[in-house]
Amino acid sequence: MTLQSWLRNDWLQPHATSRNEVADLFAVIERDLADCRAAGLSADWRLSIAYNAALQAATIALAASGYRVAREAHHYRIIQSLVHTIAAPPSLIAQFDQFRKKRNLGGYERAGVASDQEAEEMFMLAKQIRDDVSAWLRRTQPELMET
């Protein structure tokens with residue numbers, strides 16, 4: 001499947017992004033990466049905050065590709081879109097999706113789901129996705145990046 005087929009399935013809507021939108025989302029990413037390092041937070045919450053940072057990075061890539069998610073399975077589709085936007089490897093997408101499931105459990109169903117190690121792994125993955133999206137934008141659409 002391609003993003004065009006996702007559009008035909010009504011999973012995406014056309015979207016025109018801007019330098020301001022991209023800058024705002026990068027600011028959210030940086031805030032979240034800093035906040036998930038705050039002392040006293042549970043591993044569940046640190047994982048959730050780092051997950052949000054990674055999700056915003058994937059949202060930037062999708063927006064820069066001309067789309068936004070339109071229907072249910074919002075987070076799932078944003079994660080899966082990384083293969084079409086920045087050509088993320090399947091292993092990265094699989095790891096990110098596993099953290100999506102873990103975050104849903106820890107955020108909605110049970111406390112104590114995430115370990116400190118998993119929270120750290122999500123933090124590192126978020127930084128990697130941020131860096132990958134940033135590098136991809138600088139290569140493909142530098143006009144969307146702040147100088």
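Leaving aside neighbours within four places in sequence, I129 is in contact (heavy atoms within 4.5 Å) with A54, A57, A58, L92 and F96. I129 lies in helix α6, where helices (H or I, at least four residues) and strands (E, at least two) are DSSP runs numbered from the N terminus. With a relative accessible area of 1%, I129 is buried; buried means under 20% relative accessible area, exposed over 50%, and partly exposed in between, with a 1.4 Å probe and protein chains only. The C-alpha atoms of I129 and N52 are separated by 11 Å, and these residues are 77 apart along the chain.

The model is predicted: local features need pLDDT of at least 70 and side-chain atom pairs count only at pLDDT 80 or more, whereas totals for chains, interfaces and linings use all residues. Residues are numbered from 1 along each chain as its sequence is written, and side-chain values use heavy atoms, with hydrogens and water left out.

**Helix α6 and its packing on α3**

Helix α6 also holds L137, which counts as buried at 0% relative accessibility. Apart from neighbours within four places in sequence, L137 is in contact with V22, F26, I60, A64, P142, L144 and M145. The C-alpha atoms of L137 and I49 are 23 Å apart, with these positions 88 residues apart in chain numbering. The buried residues of α6 are A119, M122, F123, L125, A126, I129, R130, V133, S134, W136 and L137.

Two packed helices are described by the angle between their axes and the distance between the axes. The axes of α3 (residues 43-64) and α6 (residues 116-140) come within 8 Å and cross at roughly 15°. Here axes are lines fitted to C-alpha atoms, for helices over the stretch in contact, and angles run from 0 to 180 degrees between N-to-C directions. The helices α3 and α6 are therefore roughly parallel to each other; angles under 35 degrees count as roughly parallel, over 145 as roughly antiparallel, 65 to 115 as roughly perpendicular and the rest as oblique. The crossing of α3 past α6 is left-handed, a term used if the near helix is turned anticlockwise from the far one by less than a right angle, with right-handed used if clockwise.

On the α3 side, the contact includes A43, R46, L47, A50 and Y51, and on the α6 side it includes M122, F123, I129, W136 and L137. By class, this contact of α3 with α6 has 19 nonpolar, no polar and 4 charged residues. Ala, Val, Leu, Ile, Met, Phe, Trp, Tyr, Cys and Pro count as nonpolar, Asp, Glu, Lys and Arg as charged, and the others, Gly among them, as polar.

**Helix α3 and its packing on α2**

Helix α3 is mostly covered, with 19 of its 22 residues buried. The axes of α2 (residues 19-35) and α3 come within 8 Å and cross at roughly 165°. The helices α2 and α3 are therefore roughly antiparallel to each other, and α2 passes α3 in a left-handed crossing. Among the residues of α2 in this contact are V22, L25, F26 and I29, which belong to a set meeting α3 residues that include I49, N52, A53 and I60. The contact of α2 with α3 divides into 11 nonpolar, 3 polar and 4 charged residues.

**Helix spans**

The expected span of a helix is 1.5 Å times one less than its number of residues. The table sets this value beside the distance between the end C-alpha atoms.

| Helix | Residues | Expected span | End C-alpha distance |
|---|---|---|---|
| α3 | 22 residues | 32 Å | 32 Å |
| α4 | 12 residues | 16 Å | 16 Å |
| α6 | 25 residues | 36 Å | 36 Å |

In α4, the buried residues are R77, I78, I79, Q80, S81, L82 and T85.

**Residues with positive phi**

Most residues other than glycine have a negative phi, and most peptide bonds are trans. D10 is not a glycine, yet has a positive phi of about 65°. D10 is placed in the loop between α1 (3-8) and β1 (12-14) and counts as partly exposed at 48% relative accessibility. A73, likewise a residue other than glycine, has a positive phi near 65°. A73 is found in the loop between β2 (67-69) and α4 and is partly exposed, with a relative accessible area of 37%. Just after α4, A87 takes a positive phi of about 60°. Helix α3 is followed by G66, whose phi is positive, near 100°.
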